[in-house]
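Work through the exercises below with the sequence and the model at hand. Try each task before reading its solution.

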Amino acid sequence: MDNQEKFRDSIGTLDQEGKRSWVYPKKPHGIFYKYRKYVSYFLLLFLFAAPFIKINGHQFLLFNILERKFNIFGFPFWPQDFYLFVIALLIGVIFIALFTVAFGRIFCGWICPQTIFMEMVFRRIEYAIEGDRGKQIRLDKAPWNKDKILKKGTKWTIFAIISFLIANVFLAYLISSDELIKYITNGPASHLGTFIPLLIFTAVFYFVFAWFREQVCIIACPYGRLQGVLLDEKSIVVAYDHKRGEREEGRQRFRKNQDRAAAGVGDCIDCSQCVHVCPTGIDIRNGTQLECVNCTACIDVCDSIMESVNLPKGLIRYASENNIEKKAKFQFTPRLKGYTAVLVILTGFLIGLLLIRSDVEAKVLRLPGQLYELKDNGHISNVYTFKLLNKTNTVMDSVHFKLASMPGEIKMVKKDYFSIGESGMAKGTFFIEVDPSQLTDSNNEIEIEVYSKDRIIDRATTNFMGPQTFR
């Protein structure tokens with residue numbers, strides 16, 4: 001059975017008995033790793049800073065599901081704007097699908113929070129305390145002596161502290177940074193209902209980054225399995241150039257002064273460094289695999305090996321199957337055009353909805369179970385409840401209603417004019433009185449305008465009930 005068939009029978013993190021084989025990736029170096037660090041540290045900075053950034057007094061990003069408060073880039077959104085979230089989610093899914101079709105799992109290697117935390121935070125701490133791949137293997141095989149207890153204990157303690165910090169940051173996205181600071185100031189005993197779930201999330205993060213690790217990408221994350229339906233021979237992925245690496249005689253160890261081309265052997269010197277550096281434990285030479293997160297670590301290490309043996313770099317590179325087999329360049333295929341067209345249409349639709357989104361959302365409903373009332377002056381009266389949502393960061397002053405569709409009078413139960421605070425809500429009750437001569441049916445559609453001072457801020461449509469004789 002050759003290596004390719006062995007690969008199809010198992011994954012890189014399982015041994016022959018089906019038990020987990022712990023991955024000890026070698027510390028990566030190289031140009032791609034340097035760029036990945038820049039991207040990762042920028043995203044980490046954004047993640048930790050976003051809950052504490054305020055725009056006009058509003059948290060930059062807030063997803064308070066329990067209280068139904070949402071801020072996106074400083075703009076408040078409400079559950080009534082859920083349709084915008086659905087469209088934005090569709091755009092995100094299609095965007096990821098588009099880039100997967102074009103560039104494989106580039107999201108996983110460069111942007112995914114799991115990869116960033118694992119490779120750029122926890123793994124780097126592990127390297128600093130336990131050393132590189134060889135030292136980690138020897139440490140794990142060593143008996144529990146003073147040195148091992150000290151290193152393992154230090155690492156696990158730091159992992160727990162960072163996991164607790166991450167849990168707090170995510171909590172700030174859910175309850176707001178102001179509430180989080182207040183909870184910290186008051187102490188955990190005053191907020192056990194929040195502190196206990198916080199400890200649970202801390203334990204989950206610790207479990208993921210201290211033990212589960214790459215298994216999240218291999219087992220838990222469904223995105224890797226989408227590659228089977230999204231990738232094709234034109235997709236650009238992290239790929240091993242088997243045409244150049246194998247040639248007629250396959251791989252062979254490096255021999256000084258050997259003419260490898262004349263001997264018919266490939267440029268791959270079978271050093272296995274691409275396997276040792278892989279964070280998911282695969283051999284990229286077996287082709288595209290679901291475990292591969294396109295982290296580019298194998299590209300960097302292979303380029304450094306090729307340079308050291310005076311062979312051209314790029315044996316492992318970003319390339320498509322067509323590029324390796326036929327030297328074909330990247331093409332904007334009909335499939336990509338289809339995804340792009342849908343993405344552009346949905347993005348335009350979302351932008352249009354955001355542009356026409358009113359500053360205030362008004363809901364006016366007839367009071368359930370109430371019939372009309374005939375007043376002493378002969379007018380017909382209906383009672384209504386209203387709810388106004390202020391979606392802006394400013395106070396709406398002198399808010400009042402006007403009947404737009406027919407002559408009539410609106411009588412407020414409380415104040416005729418009122419204010420709505422920024423990102424606030426107003427509720428109340430009013431009566432509408434109409435001359436019966438204005439009615440054409442027992443159930444008439446009427447339009448109500450909502451004003452802030454002299455400016456119309458929204459319109460609402462409701463029904464006005466009259467006597468059956470108007471049918």
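A residue counts as buried if its relative accessible area is under 20%, and as exposed if that area is over 50%. The model is predicted.

**Exercise 1. Decide whether Phe209 is buried or exposed.**

Step 1. Take the relative accessible area of Phe209, which is 4%.
Step 2. Set this value against the cut-off: buried means under 20%.
Step 3. Phe209 is therefore buried.

**Exercise 2. Classify the ring pair of Phe117 and Phe209, and state which parts of the chain this pair ties together.**

Step 1. The ring centres of Phe117 and Phe209 are 5.8 Å apart. Rings pair if their centres lie within 6.5 Å.
Step 2. The planes of Phe117 and Phe209 make an angle of 55°. Planes under 30 degrees apart count as stacked, over 60 as edge-to-face and the rest as tilted. The pair of Phe117 and Phe209 is tilted.
Step 3. Locate the residues: Phe117 belongs to helix H5 (residues 113-130) and Phe209 to helix H9 (residues 192-212), so the pair ties together parts that are 92 residues apart in sequence.
Step 4. Check the accessibility of Phe117: at 5%, Phe117 counts as buried.

**Exercise 3. Classify the ring pair of Phe122 and Phe209.**

Step 1. The centres of these two rings are 4.6 Å apart and the planes are at 10°, so the pair is stacked.
Step 2. This pair also links distant parts of the chain, with Phe122 in helix H5 and Phe209 in helix H9, 87 residues apart.
Step 3. Phe122 has a relative accessible area of 0% and is buried.
Step 4. Place the rings in a wider group: Phe48, Phe117, Phe122, Phe159 and Phe209 make up one aromatic cluster. In total, the model has 25 aromatic pairs.

**Exercise 4. Find which rings have the charged ends of Arg20 and Arg357 over them.**

Step 1. Arg20 lies over the face of Trp211, 4.8 Å from the ring centre.
Step 2. Arg357 has its charged end over the ring of Phe77, at 4.3 Å from the centre of that ring.

**Exercise 5. Describe the sheet that contains strands E3, E4 and E5.**

Step 1. Write down the order of the strands: E3-E4-E5, in an open sheet with antiparallel pairing.
Step 2. Identify the edges. Strand E3 (61-64) and strand E5 (75-77) each pair on one side only.
Step 3. Give the turn between neighbouring strands: 30° on average, direction ignored.
Step 4. Look at one pairing in detail. E3 and strand E4 (residues 69-72) are joined by four bridges. Here Leu62 stands opposite Asn71 in E4.

**Exercise 6. Describe the surroundings of Thr202 and of Ala319.**

Step 1. Thr202 is in helix H9 and is buried, with a relative accessible area of 10%.
Step 2. A polar atom of the Thr202 side chain lies 2.8 Å from the backbone oxygen of Leu198.
Step 3. Apart from neighbours within four places in sequence, Thr202 is in contact with Ala160, Ser163, Phe164 and Ala167.
Step 4. Ala319 is part of strand E7 (residues 316-319) and is buried at 2% relative accessible area.
Step 5. Leaving out residues up to four places away in sequence, Ala319 touches Ser235, Ile236, Val237, Ala239 and Ile324.
Step 6. Compare sequence with space: Ala319 and Tyr240 are 79 residues apart in sequence, and their C-alpha atoms are 8.3 Å apart.

Conventions:
Residues are numbered from 1 along each chain as its sequence is written. This is a predicted model: local features need pLDDT of at least 70, side-chain atom pairs count only at pLDDT 80 or more; totals for chains, interfaces and linings use all residues. Side-chain values use heavy atoms; hydrogens and water are left out. Two strands pair if DSSP finds at least two bridges between them. Helices (H or I, at least four residues) and strands (E, at least two) are DSSP runs, numbered from the N terminus. Rings of Phe, Tyr and Trp (its six-membered ring) pair if their centres lie within 6.5 Å; planes under 30 degrees apart count as stacked, over 60 as edge-to-face and the rest as tilted. Buried means under 20% relative accessible area, exposed over 50%, partly exposed in between (1.4 Å probe, protein chains only). A charge sits over a ring if NZ of Lys or CZ of Arg is within 6 Å of the ring centre and within 35 degrees of the ring normal. Contact means heavy atoms within 4.5 Å. A polar contact is a pair of N or O atoms within 3.5 Å; within protein, one must be able to donate a hydrogen and the other to accept it, and residues adjacent in sequence count only if both atoms are side-chain atoms.
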